[in-house]
Amino acid sequence: MEGAAPLLMALVYLTAGVLSVPIAQRLGLGSVLGYLIAGALIGPSALALVGDQTSVMHFAEFGVVIMLFLIGLEVRPAALWTMRTAFLGLGGMQVLATGIVLSAVGVACGLDWHAAVALGFILSLSSTAVVLQTMEEKGLRKTPTGAAAQGILLFQDVAIIPMIALLPLVTTQGDAASAAAGAGLMAGLPGWIRTCGVIGAVALVIGAGRYLMRPAFRYIAQTRSREIFTASALLLVVAVALLMQAVGLSAALGAFLAGVVLADSEFRREIEGDIEPFRGLLLGLFFISVGASLDLALAARHAGLLAAAVLGVMAIKTAIVYVVARLFGIPPRTAAQTGAALGQGGEFAFVLLGLASAAGVIAGQISSLATAAVAVSMALTPFALMAYDNLAARGFSSGEEPEKGSFDQHPDVIIAGFGRFGQIAARLLLVNRFRISTLEASAEQVALVRRFGRRVYYGDATRLDLLRAAGAADARLLIVAIDDRDQAEVLVELAAQYFPNLTILARAYDRRHAYRLLQKGAHMVERETFEAGLAMGEKALRMLGQPPEQALLAADSFRRHDEEMLAALAQAWGDEERYAVAFRESNERMDQLLAADLQESAGPDAAQPAPAIGKGDGAA
């Protein structure tokens with residue numbers, strides 16, 4: 001059974017991840033929290049399915065090295081220059097201010113200043129994985145909040161490198177610092193030799209990356225062997241990591257530097273795609289091992305202290321992000337939402353806390369509590385954004401709200417959301433001389449549109465008082481055109497409950513979102529990409545040789561049958577098994593109807609249409 005032990009361990013890790021991550025994502029917690037929870041469950045403090053994590057974590061930390069290599073690939077000077085305000089301004093000031101404030105709090109709580117400084121700057125980082133995933137789910141990636149958050153997160157990712165390099169300098173143990181500085185092949189050599197070695201290693205990475213690796217990748221690409229190309233990318237990361245370790249620097253620093261050197265390479269996207277799966281798998285293993293290392297008994301004994309640390313850190317970080325954002329002219333709502341999104345600790349805190357503990361900068365017990373605090377704060381991120389939404393709905397930054405008398409009197413239509421979708425509907429209505437009232441929740445979008453002479457008012461349409469002030473009691477139609485899917489459902493439900501006079505037309509993200517909107521009370525839904533996709537299909541038919549009138553008839557036929565199918569399947573929505581059966585039956589019926597329409601429009605002498613793709617082999 002000795003040889004079966006590694007396979008048994010792999011089975012435990014993989015099972016824990018496969019079971020926990022989908023559940024965590026369904027609950028809105030994200031994959032990182034899923035891995036941490038999985039690790040905590042199988043670790044010595046819970047089910048004890050795995051033991052000491054030291055050897056596993058050493059292997060899994062290579063996932064962190066790959067992540068920093070991929071981050072380096074994104075750090076192109078041209079890209080950074082376009083977002084310099086968010087990157088250097090917001091990001092730099094946030095890390096510096098948060099690090100200083102948290103360090104001061106640590107000293108006030110009795111920590112040694114070395115530990116306080118290290119802990120303060122480690123906790124100044126936020127979770128790129130959690131924030132970006134949460135923003136993607138809430139539709140915030142392409143909003144001003146998303147732009148500000150991504151600039152800050154990018155700076156934090158880059159700031160990890162000097163933090164790793166400078167961490168040994170704040171150690172309270174001279175031996176640890178010396179060991180860190182003189183690790184690898186150069187241990188025991190004079191300081192000036194080690195310095196020269198470091199400079200030489202960095203120069204070698206930059207020179208080889210620019211003048212050797214690019215020609216090498218061109219040569220390898222000519223072999224057209226994806227496996228060799230992937231192996232070459234991994235070889236580069238491993239070789240640079242070993243070189244940096246040999247001169248006493250961090251492997252992560254070397255990987256980041258190699259990524260920066262190749263950021264402008266024509267092979268950047270290919271390299272990213274090839275090694276991304278390794279990053280995901282190894283990072284998952286790393287987070288599971290971190291979760292398994294959590295001392296749950298220690299956290300339970302100090303539950304009060306842990307709760308105070310989590311809430312205190314999140315409150316301080318949120319407040320600092322808000323203040324910094326306001327200093328750069330960002331509106332209050334966007335600043336507050338950005339602060340709520342970035343209040344948690346980051347995944348790299350686990351790496352830095354481990355390094356700080358190993359170097360003697362932070363005591364083991366404090367490191368364990370800080371690790372638990374970071375994990376809990378990451379889990380609370382979705383709830384922090386929900387708290388922001390509730391606060392905003394109750395009138396946060398009420399000074400930016402429109403005056404209640406400023407709306408059009410007795411409008412025919414109210415449009416909630418004045419982005420690309422809402423603007424098209426509004427222009428069509430205005431040209432046909434209908435009166436409209438508009439509400440847009442983004443102050444930046446309102447300012448932009450007003451510059452072009454459009455009457456748009458700032459306000460959250462899910463607020464009952466603003467909806468009433470916009471004329472919902474007298475209007476005939478409500479067009480829900482806001483980006484946020486959850487907010488759209490809230491608005492539809494609110495309008496259906498309080499304004500039965502309104503006919504509600506809602507923008508849907510996809511078919512499933514359309515069903516939810518219909519359940520909430522929408523009278524009609526429009527999937528946001530349906531008509532565009534249909535128009536593209538019609539143009540494709542024309543380019544493939546079909547007469548324009550026949551292509552138009554085909555598109556009209558598809559639209560009619562798809563809308564009928566959408567209405568019919570709405571009755572089965574909510575029962576997954578029943579819906580799946582009904583969908584398959586309706587899909588087959590729709591294919592038959594479309595084929596019949598095509599045959600009828602082509603005439604009795606036309607050839608029979610080709611069978612639908614996949615129908616002959618039993619495909620769904």
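**Briefing: a parallel sheet, its helices, internal cavities and two backbone outliers**

In the predicted model, V480 stands opposite A506 in β5. The strands β4 and β5 pair in the parallel sense, with 4 bridges between them. On the way from β4 to β5 the chain passes through α22, and this β-α-β crossover is right-handed. The points below place this unit within the sheet, then turn to the cavities and to the backbone.

**Sheet order and edges**

- The sheet is open and consists of 6 strands in the order β3-β2-β1-β4-β5-β6, with parallel pairing.
- The edge positions belong to β3 (457-458) and β6 (524-527); each has a single partner strand, so one side of each lacks a neighbour in the sheet.

**Strand pairing around β1**

- Strand β1 (residues 413-416) runs parallel to strand β2 (residues 436-440), and 4 bridges join the two.
- Within this pairing, V413 has I436 of β2 as its bridge partner.
- β1 also pairs with β4 in the parallel sense, again over 4 bridges.
- A416 has V480 of β4 as its bridge partner; V480 in turn stands opposite A506 in β5.

**Helices on the sheet**

- Helix α22 (residues 485-498) lies across three strands, namely β1, β4 (477-480) and β5 (503-508).
- The direction of α22 makes an angle of about 165° with β4.
- Helix α23 (residues 511-520) also packs on the sheet, where it touches β5 and β6.
- The angle between the directions of α23 and β5 is about 160°.

**Cavities**

- The structure contains 4 cavities of 30 Å³ or more, and the largest cavity holds about 50 Å³ of space.
- The residues that line the largest cavity are L123, A309, V310, V313, Q344, G345, A373, V374 and S377.
- Two elements each give two or more residues to this lining: α15 (303-327) and α18 (364-393).
- Classified by residue type, the lining of the largest cavity comprises 6 nonpolar and 3 polar residues, with no charged residues.

**Positive phi values outside glycine**

- Most residues other than glycine have a negative phi.
- A48 has a positive phi, near 55°, and is found in the loop between α2 (31-42) and α3 (54-74).
- R433 likewise has a positive phi, near 65°; this residue lies in the loop between α19 (420-431) and β2.
- The loop that holds R433 thus ends at β2, the strand that 4 bridges join to β1.

Conventions. Residues are numbered from 1 along each chain as its sequence is written. This is a predicted model: local features need pLDDT of at least 70, side-chain atom pairs count only at pLDDT 80 or more; totals for chains, interfaces and linings use all residues. Side-chain values use heavy atoms; hydrogens and water are left out. On a 1 Å grid over the protein atoms alone, a cavity is a set of points where a 1.4 Å probe fits but cannot get out, and a pocket is an open set with protein on both sides within 12 Å along at least five of seven lines; lining residues have an atom within 4 Å of a point. Grid points are joined across faces, edges and corners, and a volume is the space filled by probe spheres set on the points. Ala, Val, Leu, Ile, Met, Phe, Trp, Tyr, Cys and Pro count as nonpolar, Asp, Glu, Lys and Arg as charged, and the others, Gly among them, as polar. Two strands pair if DSSP finds at least two bridges between them. Contact means heavy atoms within 4.5 Å. Axes are lines fitted to C-alpha atoms, for helices over the stretch in contact, and angles run from 0 to 180 degrees between N-to-C directions. A crossover is right-handed if, with the strands pointing away from the viewer, the path from the first strand over the helix to the second runs clockwise.
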